[in-house]
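Got your viewer open and your selection tool ready? Load the model and let's walk through it stop by stop.

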Amino acid sequence: MSGIGPVEPGEDTHVQEAPPPRPRGRLALIYARHRRTVLASAAALAVLAGGGYLCASRPQPRPAPPPPYPSQAIDLVYVAPVTGSPATAAGGFSFTVLLSVRSGPPVTVTRLTQPYGGLSVASSPAAPFQTKSHSARKIIVTLRVTECEKAPRNPGLPFLDVTLRNARAIESHSFILGTRYAQDLSRTLEVACSNDSG
């Protein structure tokens, strides 16, 4: 042999590789026997953990805003007195109001009252009744004088107490119907109670 370099095996000789070291310990033996299964399981767990993290960290959509309270979703407007009704002949006062539901879910009127002890209230349609969103309903309200002593002689800003219900809440709300309503009610009370005063 001449030259410099690594020693090469001669003819009919083979390089023997050293056998891999045998694992020591019980877990090492189990890992050595089931290495592919362990590696596949670890990869699946890593994918699941990454997917769970991505799912949990994605931005959540904002929840829908709650529907408005029923008193904020409606308008109640005095329209006019009802002429020629039987209530007017019997010392009562019938008038029309317009209930409009501007937005949100349907609104149910569960009760309609007024604050004066000497007057009774009835409505057509009778409560409870429902009005759908983006619609209006005419309501005929009839006030009857039951006791002139308790009825107001000149109500300044009379109002109706209305109990409303929708998907969000139940509310009692007082609606002031304006000066035309106050004048019409004053005239009716004056006529109805003028017989009692004389």
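What follows is a short tour of a disulfide, a sheet and a pair of helices.

One thing before you click: this is a predicted model, so treat each value below as computed from predicted coordinates.

**Stop 1: the disulfide**

Select Cys 148 and Cys 193 and show them as sticks. A disulfide joins the two, with an S to S distance of 2.1 Å. With sulfurs within 2.5 Å as the criterion, the count comes to one disulfide. Check the dihedral too: the angle about the S-S bond is -90 degrees, which makes the link of Cys 148 and Cys 193 left-handed.

What does this link tie together? Cys 148 sits in the loop between strand E6 (135-145) and strand E7 (159-165), while Cys 193 belongs to helix H5 (residues 179-197), so the bond connects parts that are 45 residues apart in sequence.

Now turn on a surface. Is Cys 148 buried or exposed? At 5% relative accessibility, Cys 148 counts as buried. Cys 193 is buried as well, at 1%. For another cysteine, jump to Cys 55, which is partly exposed with a relative accessible area of 42%.

**Stop 2: the sheet**

Next, switch to cartoon and pick out strands E5, E3, E7 and E8. These four strands form an open sheet in the order E5-E3-E7-E8, and the pairing is antiparallel. Which strands stand at the edges? Strand E5 (129-131) and strand E8 (170-176) do; each has a single partner strand, so one side of each is left without a neighbour in the sheet. Rotate the view along the sheet to look at the twist: neighbouring strands are turned by 35 degrees against each other on average, ignoring direction.

Zoom in on E7 and E8. A hairpin connects E7 to E8 through four residues, and seven bridges join these antiparallel strands. You can step along the ladder pair by pair:

- Leu 160 has Phe 175 in E8 as its bridge partner.
- Val 162 is matched with His 173 in E8.
- Thr 163 stands opposite Ser 172 in E8.

Keep Thr 163 selected and look across to strand E3 (residues 107-113), which pairs with E7 in the antiparallel sense over five bridges. There, Arg 111 stands opposite Thr 163 in E7. Thr 163 therefore makes a handy pivot for your view, with Ser 172 of E8 opposite and Arg 111 opposite too.

**Stop 3: two helices that cross**

For the last stop, select helix H1 (residues 26-33) and helix H2 (residues 35-57). They pack at an angle of about 85 degrees, with their axes 4 Å apart. H1 and H2 are therefore roughly perpendicular to each other.

Show side chains to see who makes the contact. H1 contributes Tyr 31, Ala 32 and Arg 33, and H2 brings Arg 35, Val 38 and Leu 39. Colour by class and the contact of H1 with H2 comes out as four nonpolar, no polar and two charged residues.

Technical notes. Residues numbered from 1 in each chain as written. Predicted model: local features only at pLDDT ≥ 70, side-chain atom pairs only at ≥ 80, totals over all residues. Heavy atoms only, no water. Helix = DSSP H or I, 4+ residues; strand = E, 2+ residues; numbered from the N terminus. Buried < 20%, exposed > 50% of the residue type's maximum accessible area, 1.4 Å probe, protein only. Pairing = 2+ DSSP bridges. Axes fitted to C-alpha atoms, helices over the stretch in contact; angles between N-to-C directions. Parallel < 35°, antiparallel > 145°, perpendicular 65-115°, else oblique. Contact = heavy atoms within 4.5 Å. Nonpolar A, V, L, I, M, F, W, Y, C, P; charged D, E, K, R; others polar.
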